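Colleague: Please show me the structure, and let us then go through it by question and answer.

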Amino acid sequence: MKGGFFLPRKSNVVKIPKRRNINIGVIIFLIIAVYLIVNIYLFQTKNQISIYEVKEESLAKNTIVTGVIIRDEKIIKTSKAGYINYYQREGSRVSKNATIYSIDESKKIYDKLADQGDAAKISDKDIISIKKEISAFKKTASGETFSKVYSFKENISSKVQEVVDMTLLDNMQEILASTGISSAFEVKNAEQSGIISYRVDSLNNLTVDKVSADTFDMDKYSKSNLRAADIVEVNAPVYKLITDDAWSIVAPISSEIFNDLQEKKSIKFTVLEDQFTISAPMSLTQNGSEYYITINLEDYMVRYLDDRFLDLDLDISSESGYKIPLTAITQKQFYSIPKSYLTNGGDSDEQGIIVETYDTSNGNVSYVFTPTVVYYEDEENAYIGMDSVAADTYIYNESTKERSIVNTIGTLEGVFNVNKGYAVFRRIERITENDAYCIVKKGTKSGVSLYDHIALDSSEVIENAIIY
């Protein structure tokens, strides 16, 4: 040290750079994250194929139709005006000369009857009938059907008036004898036997051959209950007499149902109003583009005496098989070859064809067995995949020593099977169909099987492309 100046001392310490440790967990996490992001992107951008599982079902067709009732109906009119009372119940079967109604021009007889003060006797049967009317109305009553209240009122009034009228009939002869009033009063009897109805409508004179589309136009249809009126005019309808138990139901049907019923002579159907199932003879008619079924019955006419129209569910037997959406069906082209050229190769049972090959170097012809999938056979031809051989290839028949060129193309219907994750064509044979589905034959060669997974929309699929 000179003059207080010190020289720095050289350090022997060497700094070693800090070593960074690699975190394997972070790297694995990043790899997984990138993998998930890529797969999510591919899934979102890839065209998604909806899958349908093949099941065995029968195809339900729309077989509910509305039919119009045709009966032998005779409208009876009155020859005089006046106040009217009835003495037969709705739906009663009456004999010739049975008392049906009475009419009083002056109302004196009816007033006298009313003065008697005898209360009408309501039987248990009457009570049950009225309760039935009320119960039926309650089941169907809603804000949308409020207009039916008036019809309901008429029906109940008619039932009650029927009970009153029967009481009047019991006392009438006694009143007539005691008052001597008879000139303005008249009792009317049935001119022939039949079933009584007091409901008339705008289709009373309808016959089977007159049924058309206009028949079912409810805006043109009207009906009334004759028992709801106390007084009638001259020549007014007073009751309806149904003179035959035989009746018919005529309903418009689709051309599809028309074709399905061609071989039938009778049909089973259910009346939806009361779920009553009937079998009866039937016939079909066509009027231009309109198709009709006529069902002829001998029984149950009184059951539907109050009705003019009935909703029916026709029981049309449907074929069972595999149910396939129509959107899944596609078409594929195949080579069509004579079926006689199919053979089995060597010692195996594998089916195929013998292909003729020509060696241009030496001019030799050889015959090579080529396995091939046969998708369909008819009486003369077999359909093989177009990837089996090239176009214009010659195939050889060992039995006949003949040769044939492969160039005829045929088309088959099928669906894309995706059981293995890629689309494979499988042939189908339709049995029946509706607007959305068809039933295909079971056990079709190179076809679909129960619980197979197929593409719901064939237009979104490329054959042999990976689906998932």
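Colleague: In which strand is Thr270 found, and is Thr270 buried or exposed?

Modeller: This is a predicted model, in which local features need pLDDT of at least 70, side-chain atom pairs count only at pLDDT 80 or more, and totals for chains, interfaces and linings use all residues. Residues are numbered from 1 along each chain as its sequence is written, and side-chain values use heavy atoms, without hydrogens and water. Thr270 lies in strand S13, strands being DSSP runs of E of at least two residues, numbered from the N terminus. Buried means under 20% relative accessible area, exposed over 50%, and partly exposed in between (1.4 Å probe, protein chains only); since the value for Thr270 is 16%, Thr270 is buried.

Colleague: With which side chain does the side chain of Thr270 make a polar contact?

Modeller: A polar contact is a pair of N or O atoms within 3.5 Å; within protein, one must be able to donate a hydrogen and the other to accept it, and residues adjacent in sequence count only if both atoms are side-chain atoms. At 3.0 Å, the partner of Thr270 is the side chain of Thr277.

Colleague: Which strand supplies the largest share of the largest nonpolar core?

Modeller: A nonpolar core is a set of buried Ala, Val, Leu, Ile, Met, Phe, Trp, Tyr and Cys residues joined through side-chain atoms within 4.5 Å. The largest one has 29 residues, and Phe269 and Leu314 are among those with the most contacts inside it. Strands S13 and S16 are among the elements that each supply at least two residues of this core. The largest share, five residues, comes from S12.

Key: Helices (H or I, at least four residues) and strands (E, at least two) are DSSP runs, numbered from the N terminus.
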